[in-house]
Amino acid sequence: MNKRKLGEEKERFVCEYLKTGGYRILEQNFRCRFGEVDIVARHGKYLVFIEVKYRSGACSGMPEEAVDLRKQKTISRVALFYLSRYGYGIDTPVRFDVAAVSEDASSPVVHVIQNAFEYIGKR
């Protein structure tokens, strides 16, 4: 299976997992000129931007480690664009989560890290 198809499969799996945890999925693979975010969802009062990271084994490191500062900046810019495009006000509570997917025996395991990072604007 190629990386793109594998990534799409894991993102679908994460969406189903998030739904069982009370998330309402609004968008998958939202793209704009600033980049892309895997999932946009509502969770309680929060509008949540979720990055999905998958690792097949521990030798590649922890999945969440792949959401580095550069990726956080990209997701932050995409989030700002999304808020503006859809008319969300500055008082909208926003959260950035990371869904780390790893393999345990033969099935994927999801670990959602809520508030994985704060908004990173231009400085």
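**Reasoning through the hairpin, the rings and the pocket**

Reader: Which residue in the hairpin of E2 and E3 takes a positive phi?

Author: Gly 44 does, with a phi near 60 degrees. The hairpin has 2 residues between the strands. Keep in mind that this is a predicted model.

Reader: What makes E2 and E3 a pair of strands?

Author: Pairing needs at least two bridges. Here 5 bridges join E2 to E3, and the strands run antiparallel. The two therefore count as paired. Within E3, Phe 49 is the residue that stands opposite Val 40.

Reader: Why is E3 called largely enclosed?

Author: Count its buried residues. They number 8 of the 10 in E3, so the rest of the structure largely encloses this strand.

Reader: How do you know what span to expect for H2?

Author: The rule is 1.5 Å times one less than the number of residues. H2 covers residues 69-85, which is 17 residues. The expected span is 24 Å, and the helix reaches 24 Å from its first C-alpha to its last. So H2 comes out close to expectation.

Reader: Which residues of H2 are buried?

Author: Among them are Ile 75, Val 78, Ala 79, Tyr 82 and Leu 83. Polar and charged names appear too, including Lys 71, Gln 72, Thr 74 and Ser 76. Along an α-helix, residues three or four places apart point the same way, because a turn takes 3.6 residues.

Reader: What follows H2?

Author: Gly 87 does, and its phi is positive, near 75 degrees.

Reader: How many aromatic pairs are there?

Author: The count is 9. One of them joins Phe 30 and Phe 81, with 6.4 Å centre to centre and 35 degrees between the planes. The distance cut-off is 6.5 Å, and an angle from 30 to 60 degrees is tilted, so this pair is tilted.

Reader: Where do the two rings, Phe 30 and Phe 81, sit in the chain?

Author: Phe 30 is in strand E1 and Phe 81 in helix H2, 51 residues apart. The pair thus links distant parts of the chain.

Reader: Why is Phe 30 put in one accessibility class and Phe 81 in another?

Author: Buried means under 20% relative accessible area. Phe 30 has 5%, so it is buried. Phe 81 has 23%, so it is partly exposed.

Reader: What makes the pair of Tyr 82 and Tyr 88 stacked?

Author: The planes are 20 degrees apart, and the centres 6.2 Å. Stacked requires under 30 degrees, so the label fits. Tyr 82 is buried because its accessibility is 4%. Tyr 88, at 26%, is partly exposed. Both belong to one aromatic cluster, which also includes Phe 30, Phe 49 and Phe 81.

Reader: Why is Arg 33 called exposed?

Author: Exposed means over 50%. Arg 33 has 72%, so it qualifies. This residue lies in the loop between E1 and E2. Its C-alpha is 9.1 Å from that of Phe 81, 48 residues away along the chain.

Reader: What lines the largest pocket, by class?

Author: The lining has 11 charged residues, 3 polar and 3 nonpolar. The pocket holds about 550 Å³ of space. Of its 17 lining residues, Lys 3, Arg 4, Gly 7, Glu 11 and Val 52 lie nearest the centre. H1, E1, E2 and E3 each give two or more residues to the lining. The largest share, 7 residues, comes from H1.

Note on methods
Residues numbered from 1 in each chain as written. Predicted model: local features only at pLDDT ≥ 70, side-chain atom pairs only at ≥ 80, totals over all residues. Heavy atoms only, no water. 1 Å grid on protein atoms, 1.4 Å probe; cavity = no way out; pocket = protein on both sides within 12 Å on 5 of 7 lines; lining within 4 Å. Points joined across faces, edges and corners; volume = space filled by probe spheres on them. Helix = DSSP H or I, 4+ residues; strand = E, 2+ residues; numbered from the N terminus. Buried < 20%, exposed > 50% of the residue type's maximum accessible area, 1.4 Å probe, protein only. Phe/Tyr/Trp six-rings, centres within 6.5 Å; stacked < 30°, edge-to-face > 60°.
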